[in-house]
Amino acid sequence: MADHTEHVHHAHHGKPDFWTHYVFSQDHKMISKQFLVTAMIMGVVGMMMSVFFRLQLGWPGQSFAILETFLGKWAPDGVLDPNMYLALVTIHGTIMVFMVLTGGLSGTFANLLIPLQIGARDMASGFLNMLSFWFFLGSSVIMLASLFVETGPASGGWTIYPPLSALPQAIPGSGLGMTLWLVSMTLFIVSSLLGGINYIVTIINLRTKGMSMDRMPLTTWALFITAILGLLSFPVLLSAALLLVFDRSFGTSFYLSDIFISGQALEHTGGSPILFQHLFWFLGHPEVYIVLLPALGITSEVVSTMSRKPIFGYKAMVGSMLAIAFLSMIVWGHHMFVTGMNPFLGSVFTFTTLLVAIPSAVKVFNYLTTLWKGNIVYSPAMLFAIGLVSTFITGGLTGIILGDSALDINIHDTYFVVGHFHIVMGASAIFGMFSGVYHWFPKMYGRMMNKNLGYAHFWITITSMYGVFFPMHFLGLAGIPRRYYDNTAFPIFDGLQDINEMISLFAILGACAQAIFFFNFIYSIYRGPRASQNPWHSNALEWTTPVNPGHGNWPGAIPTVYRWAYDYSRPDKDVDFIPQNVPPTADEKEIH
Amino acid sequence: MLNLLIVLVVILAVVALASVVRVFELGADLRGHDPSAVTESDNRTQSTILVFAGICYMAYVFYQIFWGPEVLPVAASVHGVKTDFLLNLTWAIILPVFFITHILLIYFGYKYFHRSDRKSDFFAHSTKLEAVWTIVPTIVLSSLIVYGLSTWQEITGPTPEETMVIELYSKQFDWTARYAGDDNRLGPSGYRLIEGGNTLGVDLTDAASNDDKVVRGEFHLPVGKPVLFKFHSRDVIHSAYMPHFRTQMNCVPGMTTQFHFVPTMTTAEMRVETGNPEFDYLLLCNKICGAAHNNMQMNIIVESEADFNAWLAGQKTLAEQLSKPVESEIKPQQAEVLEASTETPNGI
Ligand code: HEM
Ligand SMILES: [Cu+2]
Ligand SMILES: [Cu+2]
């Protein structure tokens, strides 16, 4: 993190000391790094958890010293406790979806890229931006703290359906652990709302001269649409969570009714557990796209730049993102086909759900056409982008099966679902995130990451990813439910145990591969070769700043924009890229 | 001690890796290369690995597709045969799409790796192409939607007359089945009536309750006859999952959900079909419900109608099971609860 010499400061900023520079920074670039590092730490925790419960699933009941080392009383004699298994699954899911792929992905790249790509000196409100990070950090810390609660962390699944999540009698994790989960999630929602408002306002108001909406890079478009989607749906989760707090602590009955537990009938009457599910999935489904769209935006930029070719169908790419975002808000019921929902309503949700496949297909075909007759430079970022296209296809296609209510009856809540969403949302979003880190690392740290380690990281990661998640579809078809501590109670599943074992081996391999990435990341911050100003020969505005831009981004005037971000390999020019701030020559017409 | 050793080994490995990387980078520096630049030979190598890995991936998928039908159990219900057909139809549509798009991805990735004497084709837009790949998926998906929804409608349609009614009652962590008896009417029940042996909270004062029969551990179904299940839960949400019948429905405290189907194969037939003399149909819990979620099950025996009738006749009625004298009065507030929980909301 050396070489922050040429800072341009606003008048009210004094000389930067350690605290204002690294800790209470209001510079969007520093905040972006704060998000990234926090998310990486949370990612390690989430990943370790998945390895822990994969040990149990691969070799049920076997003793592993490492479990006892890390989990202590929750793994007596090295065998995972069933309640702790559920807790690990729950916290793993929560951390991955919210901390890593929402906070981490949007927080890192919206902060880094929005001001740089639209030509702004900083976010509209640096202060809100700082608050957004601090709420995020608070939320992450509380989530981690909940791991140390006497009765264990929340264990009702990341979807925290009541009554299970409302009643400590039902599962010990629904005591203090669940309370902390709700507090953490509240802070998280505040963080993402503060961030989201800021991103939207910045994009609408602070674009530099010439940066019309239809010249914005697709990354910024994606982050913009994501922020709007988050702003519309996260408050609903907040209200769902608050009502749950009332039911848990103040005796209300929003979600509870007719319950007899621990030998006693509860007083709650008139509530409906299904109401919670509607509220939860009203966020929960858009959430899938809140993690996916930024990844798709990053890939669009990387695929185009590294193919030295304009992204094919720029307008269709924007249009399909808008369509996906809109549709994602009216499909939530596909998570509830078997809740006893009115069958007619089920039909409506099947209809809207399958429609999402259309804009998704458009995106895939546009990526493929962008590669066609390109001149592809295989940077690690490009490999991850290609990996994303593959996972997006694979996972998207199995979504057509799940979205069909008649088929979902049999595979709902089985491992088919686990395979599907890890590929389409987990892997795709993570690949987008890796792609972004490899691509913009020079912008963040002024140095390059090691490409060979990057290649190794990619190939091992994608191999183990498909090794882990693809076979899960078939476990699901065989009827294995998810969130099972083990399958030994069912002899009919005995024959599938070697597959579970293989999956666990791949999971361990995949986790080890991430060590390569962390090593590369940390090593390159200090020792990586120095980056040139525009290492990927990109057109976008972020590469017109100095290698280590100070607070304020451009030392002189903000550049004016004359063209879209995808003038690569224009037939009428000799150079293969023309940055956005290059004025057109007299005979040139704008094409896109 | 062992832990300390492990930590030391990890640290050593990191240091060694750092030195190796350093040596390579310095070597590249000396030869005047930028060690981070992606070279022609990188492009060639990576695109070749892409082809190799891509082919492996497709072979892996291909292999599992053929292995797939073996894991999906034979459908043993009338609607299950239909949904399996729909599933196969969907596979038949998505698999070609999968292979074609992946082949294109890999082929383009290989064919067009960067060479400095080439220039990309500036191809930014084509209304015709974009229209094609908007309209074709729309048509394909529409037909899937129409077909899927017609199947869904058949499954969820009205229950045929003379359907036998069975209640499946869930609690942490077991299942209870209640047969409606000769009157084919389940007696009303409510959670406030749960007491002693009356674990389902059946209202014993109601005439419809007396002939109800409660069974645990396993329950029986007659082959070829429609059955209507009413699902209840007393504590948290459970889900009644019977994979061989392609049936699943959540059990939600405070409401009644339902599902009806016709089993088509007896347990004996299925034992022959699967080649497994131990085979039994299963009811599993498929909604996270607590520590023993992974072992909340009940066996299902499907048999001929005659065998079924004989079995049912051998079961005691509720009145016989709970030989306690029947209470004759219910308190007014209980009556309210009863009413609320015996209607069948569709639970929107
Ligand atoms: C290191 C690689 C990973 C492995 C090996 C892994 C494996 C698993 C497994 C086996 C489950 C439990 C399934 C069950 O019992 O229901 C699970 C749950 C889950 N995972 Fe992952 N996962 C990984 C990465 C991710 C990522 C990147 C995401 C981000 C989307 C993610 C999100 C989730 C979610 C949301 C759940 C569901 C939690 C719940 O059931 O409440 N995982 N994971
Ligand atoms: Cu969804
Ligand atoms: Cu259960």
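**Close-up views of a predicted model**

**View 1. A helix rests on one sheet of chain B.** In this predicted model, helix H7 of chain B, residues 305–313, lies across strands E4 and E10 of chain B and runs at about 140 degrees to E4(B). Both strands belong to an open sheet of five strands in chain B, ordered E4-E10-E9-E6-E7 with mixed pairing. Strand E4 (218–222) and strand E7 (247–251) of chain B are the edges; each has a single partner strand, so one side of each is left without a neighbour in the sheet. On average, neighbouring strands here are turned by 25 degrees against each other, direction ignored.

**View 2. Strands E9 and E10 of chain B, side by side.** Here we look at E9 (residues 281–285) and E10 (residues 297–303) of chain B, an antiparallel pair with four bridges. To find your place, look for Leu283(B), which stands opposite Met298(B) in E10(B).

**View 3. The other five-stranded sheet described here for chain B.** This open sheet follows the order E3-E2-E1-E5-E8 in chain B, and its pairing is mixed. Strand E3 (213–216) and strand E8 (257–261) of chain B stand at the edges with a single partner strand each, so one side of each has no neighbour in the sheet. From one strand to the next, the twist averages 25 degrees. Within the sheet, strand E1 (residues 164–171) and strand E2 (residues 174–179) of chain B run antiparallel and are joined by six bridges. Leu168(B) stands opposite Ala177(B) in E2(B).

**View 4. Three histidines hold the copper ion (ligand 2) in chain A.** The donor atoms are ND1 of His285(A), NE2 of His334(A) and NE2 of His335(A), at 1.6 to 2.0 Å. Along the sequence, these donor residues follow the spacing H-x48-H-H. His285(A) sits in helix H8 (residues 273–307) of chain A, while His335(A) is in the loop between helix H9 (314–328) and helix H10 (343–355) of chain A, so the pair ties together parts that are 50 residues apart in sequence.

**View 5. The surroundings of ligand 1.** Ligand 1 is surrounded by 24 residues, and the closest are His92(A), Trp158(A), His422(A), Arg482(A) and Arg483(A). By class, this shell holds 15 nonpolar, six polar and three charged residues. Helices H2 (28–58), H4 (82–118) and H14 (415–445) of chain A each supply at least two residues of the shell.

**View 6. Polar atoms facing ligand 1.** A side-chain N or O atom of Arg483(A) is 2.6 Å from an oxygen atom of ligand 1. For His92(A), a side-chain N or O atom is 2.9 Å from a nitrogen atom of the ligand. Tyr85(A) places a polar side-chain atom 3.4 Å from an oxygen atom of ligand 1.

Conventions
Residues numbered from 1 in each chain as written. Chains lettered and ligands numbered in written order. Predicted model: local features only at pLDDT ≥ 70, side-chain atom pairs only at ≥ 80, totals over all residues. Heavy atoms only, no water. Near = heavy atom within 4 Å. Polar contact = N/O pair within 3.5 Å; in protein donor to acceptor, adjacent residues only side chain to side chain. Nonpolar A, V, L, I, M, F, W, Y, C, P; charged D, E, K, R; others polar. Pairing = 2+ DSSP bridges. Axes fitted to C-alpha atoms, helices over the stretch in contact; angles between N-to-C directions. Contact = heavy atoms within 4.5 Å. Donors = N, O, S within 2.8 Å, 3.2 Å for Na, K, Ca; no water.
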